[in-house]
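Reader: Could you take me through one part of this model up close? I'd like to hear about the charged side chains that pair up, and then whatever sits beside that topic.

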Amino acid sequence: MKSFTLSTLIAMIGGTLIVAGLTPKSEKLPSETKHMPPDQTLIKRGEYLVGIMGCNDCHSPKTMGAQGPEPIADKLLSGYPAGRPLPTRNSEALNEWVLFNSDNTAAAGPWGISFAANLTSDATGIGNWTEEQFKRALTQGKAKGIASNRMLLPPMPWTNYRGIKDADLKAIFAYLKSTKPVANVVPAPIPPGR
């Protein structure tokens with residue numbers, strides 16, 4: 001039986017390298033396109049993390065359903081709805097209590113009134129944010145992820161995320177950037193006593 005070298009075998013099969021179904025990097029497969037799709041694995045991981053972290057609990061407007069408040073599908077993660085009036089409140093009670101509106105998108109307490117931010121990919125949400133801004137907001141508690149901005153207000157649990165792994169943060173950011181954009185300018189916080 002005649003023995004063959006690797007170069008002889010490659011020459012014998014027309015110069016195409018075929019090893020366990022692999023093709024050389026320089027050779028495009030017929031199904032490949034010029035623009036590769038986003039990393040769906042990363043986005044799915046981010047969606048999972050957003051779900052188990054309870055982000056929809058505060059950042060998604062809700063409607064009353066059979067089991068209580070349910071997120072409104074076309075407004076997921078869009079924050080407190082702009083233009084929604086606030087109910088009247090007893091400012092004295094806010095020194096002693098923390099109160100939430102009916103869908104948890106606004107909270108009132110000794111800090112005043114805070115509104116859940118728009119986390120969608122729209123420019124009124126995080127559409128123009130960099131990953132560095134997102135990291136600063138989540139791990140350092142800076143509003144809009146800008147170092148010179150005010151601190152995030154309660155009930156945002158940013159202190160729980162100080163030690164979040166970069167890979168998880170990257171996945172969450174990728175998912176949020178992939179969400180349906182919802183234009184919604186969330187109101188600015190209301191200081192105590194107003």
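Author: Let's start with lysine 44, which is exposed, its relative accessible area being 53%. That puts lysine 44 just on the exposed side of the line, because exposed means over 50%. Keep in mind that this is a predicted model. The side chain of lysine 44 forms a salt bridge with that of glutamate 47, with 3.3 Å from N to O. Glutamate 47 is partly exposed, at a relative accessible area of 36%. So why can these two find each other? Both sit in helix α2, which covers residues 40-52, and they are three residues apart, so about one helical turn separates them. As a general point, side chains of opposite charge can pair when their charged atoms come close.

That pair has company: the structure holds six salt bridges. Another one built within a helix joins glutamate 132 and arginine 136, this time at 3.9 Å from N to O. The cut-off for a salt bridge is within 4 Å, so this pair still counts. Here the two residues are four apart in helix α4, and again the separation is about one helical turn. Glutamate 132 is partly exposed, with 44% relative accessibility.

Now for a pair that links two helices. Lysine 170 and glutamate 131 meet through their side chains in a salt bridge, 3.2 Å from N to O. Lysine 170 belongs to helix α5 (residues 166-178) and glutamate 131 to helix α4 (residues 131-140), so this bridge ties together parts that lie 39 residues apart in sequence. As for how open the two ends are, lysine 170 is partly exposed at 38% relative accessible area, and glutamate 131 is partly exposed too, at 30%.

Away from the salt bridges, there's a bit of sheet to look at. Three strands make an open sheet, ordered β3-β4-β5, and they pair in the antiparallel sense. At the edges you'll find β3 (99-100) and β5 (112-115), each pairing on one side only. Strand β4, residues 106-109, pairs with β5 over four bridges. If you want one contact to click on, try glycine 109, whose bridge partner in β5 is glycine 112. In general, strands of a sheet pair through backbone hydrogen bonds, whereas the charged pairs above are side-chain contacts, like the one between lysine 44 and glutamate 47.

Methods:
Residues numbered from 1 in each chain as written. Predicted model: local features only at pLDDT ≥ 70, side-chain atom pairs only at ≥ 80, totals over all residues. Heavy atoms only, no water. Buried < 20%, exposed > 50% of the residue type's maximum accessible area, 1.4 Å probe, protein only. Pairing = 2+ DSSP bridges.
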